[in-house]
Amino acid sequence: MDMLKGKVAVITGAARGIGREIALTFARNGAGVACIDLDLGGIKEVAEEIKVIGGKSSSFKCDISNSGEVEEVFASILQEFPQIDILINNAGITKDNLLIRMSEDEWDSVLRVNLKGAFNCTKVISKHMIKKRQGKIINIASIIGLIGNAGQVNYAASKGGLIAFTKSVAKELASRNVNVNAIAPGFIRTKMTDSLIDEVKNEMLKRIPLAKFGNPSDVANTAIFLASTLSDYITGQVITVDGGMVM
Ligand code: NAP
């Protein structure tokens with residue numbers, strides 16, 4: 001499979017979970033991959049795995065919520081790769097609490113990473129894609145951004161904001177041949193969901209029509225479609241990957 005042959009993808013939060021799986025899937029499909037994460041050890045391991053596959057990959061430690069760091073990192077990526085064709089805004093965090101107990105820091109930090117982080121990366125890369133007159137931007141949102149969730153007002157607001165951001169950027173960049181879409185995963189098995197207690201997981205399972213949790217590969221397979229020419233006529237959309245939870 002060479003769906004992304006010759007393309008270069010930047011993936012945030014690539015050290016583990018969904019981001020890692022997207023990085024490996026893209027590399028298997030011929031893309032060069034620039035991995036961004038706070039966890040440098042983690043992305044270096046991913047880069048090693050990509051080398052074994054025979055692909056090109058580089059690792060960049062960066063806090064995506066810091067606009068200065070993001071600008072520097074994208075300049076470094078463009079020294080190593082000839083161009084950037086695909087951006088996956090994947091890095092995200094949760095700091096769950098009920099609204100009345102939620103601290104200002106729990107609110108701010110989630111919005112800063114999940115929403116401002118995507119803004120920082122998209123702003124820098126858009127300038128490059130506009131000049132090239134091509135690009136694919138994929139934002140990893142969440143079904144929680146569509147339906148809300150008790151105990152996650154900060155996360156829901158960040159992901160709902162990311163969906164609105166996706167549609168607005170899609171409208172701004174469409175005339176420059178840049179497609180901007182979002183994926184809204186449901187319950188995917190990663191470190192983020194591992195920490196949930198069995199009771200919550202069992203309750204969740206009852207609400208999934210396909211009666212099983214998703215894997216990072218389910219999201220990566222959707223990302224590869226949105227990053228490839230197969231989706232050239234699709235922009236401003238949100239694709240749920242959730243076993244049918246939201247329909
Ligand atoms: P994960 O396993 O927690 O991985 C997230 C990665 O992002 C970690 O490597 C983390 O690094 C990195 N990261 C966090 N803050 C960062 C920052 N400021 N700058 C750079 N990197 C940062 O998460 P996941 O489950 O794979 O989720 C990936 C995305 O999918 C997230 O946006 C999440 O909201 C979304 N999503 C996940 C699910 C699910 O069920 N898993 C469902 C819906 C949506 P550190 O470990 O060093 O902090």
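Threonine 166 sits in helix H6, which covers residues 153–173. This report on a predicted model starts from that residue, moves to its strand partner, and then spends most of its time on helix H1.

## Threonine 166 and asparagine 181

How accessible is threonine 166? Its relative accessibility is 1%, so threonine 166 counts as buried, the cut-off being under 20%. Setting aside neighbours within four places in sequence, threonine 166 makes contact with Asn139, Val180, Asn181, Ala182 and Gln237.

One of those contacts, Asn181, is worth following up. Asparagine 181 belongs to strand S6 and is buried as well, with a relative accessible area of 2%. When residues up to four places away in sequence are not counted, asparagine 181 touches Ile137, Ile138, Asn139, Thr166, Leu226, Ile234, Thr235, Gly236 and Gln237. Asn139 is thus found among the contacts of threonine 166 and also among those of asparagine 181, and Gln237 is likewise on the list for threonine 166 and on the list for asparagine 181.

## Helix H1 and its surroundings

Now to helix H1, residues 17–28. With 12 residues at 1.5 Å a residue, H1 should span 16 Å, and its end C-alpha atoms are 17 Å apart, which agrees. Just after the helix comes glycine 30, with a positive phi near 95°.

How many of the residues of H1 are buried? Nine of the 12 are, so H1 is largely enclosed by the rest of the structure. The buried residues are Ile18, Gly19, Glu21, Ile22, Ala23, Leu24, Thr25, Phe26 and Ala27. They pack against four strands and two helices: strand S1 (8–12), strand S2 (32–37), strand S4 (86–89), strand S5 (135–140), helix H2 (40–53) and H9.

Two packed helices are described by the angle between their axes and the distance between the axes. Let us look at both helix partners in those terms.

The axes of H1 and H9 (residues 216–227) come within 8 Å and cross at roughly 50°. H1 and H9 are therefore oblique to each other, and their crossing is right-handed. On the H1 side the contact is made by Gly17, Ile18, Glu21, Ile22, Thr25 and Phe26, while H9 brings Pro216, Ser217, Val219, Ala220, Ala223, Ile224 and Ala227. Sorted by class, this contact has nine nonpolar, three polar and one charged residues.

With H2 the arrangement is as follows: the two helices pack at an angle of about 20°, and their axes are 10 Å apart. That makes H1 roughly parallel to H2, since angles under 35 degrees count as such. This crossing, too, is right-handed. Here Arg20, Ala23, Leu24, Ala27 and Arg28 of H1 meet Val46, Glu49, Ile50 and Ile53 of H2. The classes in the contact of H1 with H2 are six nonpolar, no polar and three charged residues.

Alanine 27 gives a residue-level view of this helix. Alanine 27 lies in H1 and is buried, with a relative accessible area of 6%. Leaving out neighbours within four places in sequence, alanine 27 is in contact with Val33, Ile50 and Ile53. In sequence, alanine 27 and lysine 51 are 24 residues apart, yet their C-alpha atoms are 9.0 Å apart in space.

## Leucine 87 in strand S4

Strand S4, one of the elements that the buried residues of H1 pack against, holds leucine 87. This leucine is buried, with a relative accessible area of 0%. Not counting residues up to four places away in sequence, leucine 87 touches Val10, Phe74, Cys121, Thr122, Ile125, Met129, Lys136, Ile137 and Ile138. Methionine 129 is 42 residues from leucine 87 in sequence, and 10.0 Å from it in space, C-alpha to C-alpha.

## Two loop residues with positive phi

Which residues have a positive phi although they are not glycines? Arginine 133 and asparagine 177 are two examples, set side by side below.

| Residue | Phi | Loop | Relative accessibility |
|---|---|---|---|
| Arginine 133 | about 55° | between helix H4 (104–132) and S5 | 47%, partly exposed |
| Asparagine 177 | about 65° | between H6 and strand S6 (178–185) | 47%, partly exposed |

The loop of asparagine 177 links up with the opening of this report: it lies between H6 and S6, where H6 holds threonine 166 and S6 holds asparagine 181.

Note on methods: Residues numbered from 1 in each chain as written. Predicted model: local features only at pLDDT ≥ 70, side-chain atom pairs only at ≥ 80, totals over all residues. Heavy atoms only, no water. Axes fitted to C-alpha atoms, helices over the stretch in contact; angles between N-to-C directions. Parallel < 35°, antiparallel > 145°, perpendicular 65-115°, else oblique. Left-handed = near helix turned anticlockwise from the far one by under 90°. Contact = heavy atoms within 4.5 Å. Nonpolar A, V, L, I, M, F, W, Y, C, P; charged D, E, K, R; others polar. Buried < 20%, exposed > 50% of the residue type's maximum accessible area, 1.4 Å probe, protein only. Expected span 1.5 Å × (residues − 1).
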